[in-house]
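Visitor: I would like a close look at the aromatic pairs of this protein, with some care about how far the model can be trusted. Could you take me through them in one connected account?

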Amino acid sequence: MDGAFASASAISDQRQKIEQYKLILSSVITSSDIGQAKKFIDHMLSDDVPLVVSRQLLQIFAQELGRLEPESQKEIAHYTLTQIQPRVVSFEEQVLIIREKLAELYESEQLWSKAAQMLSGIDLDSTMRVIDDTFRLSKCVQIARLYLEMLRLLNQDDDDAVNAEAFINKASFLVSNSQHEVLNLQYKVCYARILDLKRKFLEAALRYYDISQIEKRQIGDEWIDEEALEQALSAAVTCTILAAAGPQRSRVLATLYKDERCSKLKIYPILQKVYLERILRKPEIDAFAEELKAHQKALLPDNFTVLDRAMIEHNLLSASKLYTNISFDELGTLLGIAPQKTGGFGLGEHVVRVIYPDMMALIAEKIASRMIYEDRMRGSIDQVEAVIHFEDDTEELQQWDQQIVGLCQALNDVLESMAKKGLSIPV
């Protein structure tokens, strides 16, 4: 091997030198000998080989890597990346090909996080070569999708969520000018999933619902089936139910409830009860919990899960429609706040209720006060009497309706007056 390298490097004609090195490379690839492959890489990166020659040969080498066995391919590719690193600026195109080949291999083995890490090492902001925005966008979206796929399978790696968000944020600056429909759709899906993971449920619901309304069944080379749209619609319903109770959530609930497609969903019964502001009981909540992902049932710092908080707030808002006022004790019982959620020091439910009867009342008061403060529920709290007074907005709605009736009547009077005077009325 050393003699072949010396013979090739001694050739003065550049074209003949390249052809000789191609023959050596061909024998290295055919032999699948890892040691010879590493020697070839070391020689290509040495001072004995002109840069214009080494670039061309390493380009061919990177493209031929796929012919090797997977484990050999991994070892040689990683060795090549390590050796090139000190001169990476001179071999950016070759590094790109190697990283893409490795990422493709890891993806085929369902090693999503490794595939994403390999692609994230590509310099998308390089000034040494021309990179168009479509390529940048495609890589950012691809990396985010790989990290999200890892999260979907494991439901536990917070670092992957952070990394996925970082690349989607980069893509956000590029997608506005993109005319590539497939990439734009993939970006929307990734962005919705990240909002979902970050528990920004109302924003995620709107994104999912927007995706579910896609009319085209073929975008580029991708086919969109009804099942995918149904999954997006179901995700929109789930995120809306988990969102913080209040006027904004109510508006999205109304949109979903009036969408005929929702009636075919498995979670339609709970959507109906939430929209109609009915109090949800434990069996209904448990059935809904079975459809949720891990992050949608995660434990929060206040010892409630994401689902617990959403259901308590919903039931509290529903109670405000049924009661004029209610004591904190009764509210705590109505909301189904379990004693273990109150920090009962590991004691049994009966002990907590007897020794710490005010705990559940305090939790109920805290939740209600936060919702009133955030203007998500109308009411006031009497801490002396330990009672919450709910305010009904029916009177305001009636006044609004009366104003609309008055406006319509005034318009009708004007039209009648014009008709009596023989004036034409535009339709």
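Guide: What follows begins with confidence, turns to the tyrosine pairs, and ends with a patch on the surface.

This is a predicted model, and its average pLDDT is 84, with 89% of the residues scoring at least 70. Among the elements, helix H11 (residues 201–212) has the highest mean pLDDT, 95, whereas helix H18 (residues 349–355) has the lowest, 40. The pLDDT is below 50 over residues 342–357, a stretch that nevertheless has 21 contacts in the model beyond near neighbours in sequence.

As for the rings, the count comes to four aromatic pairs, taking ring centres within 6.5 Å as the criterion. One of them joins Tyr 187 and Tyr 191, whose ring centres are 5.9 Å apart and whose planes meet at 10°, so this pair is stacked, the planes being under 30 degrees apart. Both residues belong to helix H10 (residues 181–197), where they are four residues apart, about one turn of the helix, and both Tyr 187 and Tyr 191 are buried.

Another stacked pair is made by Tyr 257 and Tyr 268, with 6.2 Å from centre to centre and 5° between the planes. Here the partners come from two helices, Tyr 257 from helix H13 (residues 247–257) and Tyr 268 from helix H14 (residues 268–275), so the pair ties together parts that are 11 residues apart in sequence. The two side chains also fall into separate accessibility classes: Tyr 257 counts as partly exposed because its relative accessibility is 23%, while Tyr 268, at 17%, counts as buried, the cut-off for buried being under 20%. Ring pairs extend this arrangement to Tyr 275, linking Tyr 257, Tyr 268 and Tyr 275 into a cluster.

Returning to helix H10, one may also consider Gln 186, which has its place in that helix. Gln 186 counts as buried because its relative accessibility is 14%, and, leaving aside residues up to four places away in sequence, Gln 186 touches Val 141, Arg 145 and Glu 222.

The surface offers a contrasting case in Leu 411, a residue of helix H20 (residues 394–420). With a relative accessibility of 52%, Leu 411 counts as exposed, because the cut-off for that class is over 50%. Together with Leu 415 and Ile 425, Leu 411 forms a nonpolar patch on the surface, and the three residues have about 240 Å² of accessible area together.

Key
Residues numbered from 1 in each chain as written. Predicted model: local features only at pLDDT ≥ 70, side-chain atom pairs only at ≥ 80, totals over all residues. Heavy atoms only, no water. Patch = residues over 30% accessible without salt bridge, like charges linked within 9 Å, V, L, I, M, F, W, Y side chains within 5 Å. Areas by Shrake-Rupley, 256 points an atom, 1.4 Å probe, with all protein chains shown as cover. Salt bridge = Lys/Arg side-chain N within 4 Å of Asp/Glu carboxyl O. Buried < 20%, exposed > 50% of the residue type's maximum accessible area, 1.4 Å probe, protein only. pLDDT = per-residue confidence, 0-100. Contact = heavy atoms within 4.5 Å. Phe/Tyr/Trp six-rings, centres within 6.5 Å; stacked < 30°, edge-to-face > 60°.
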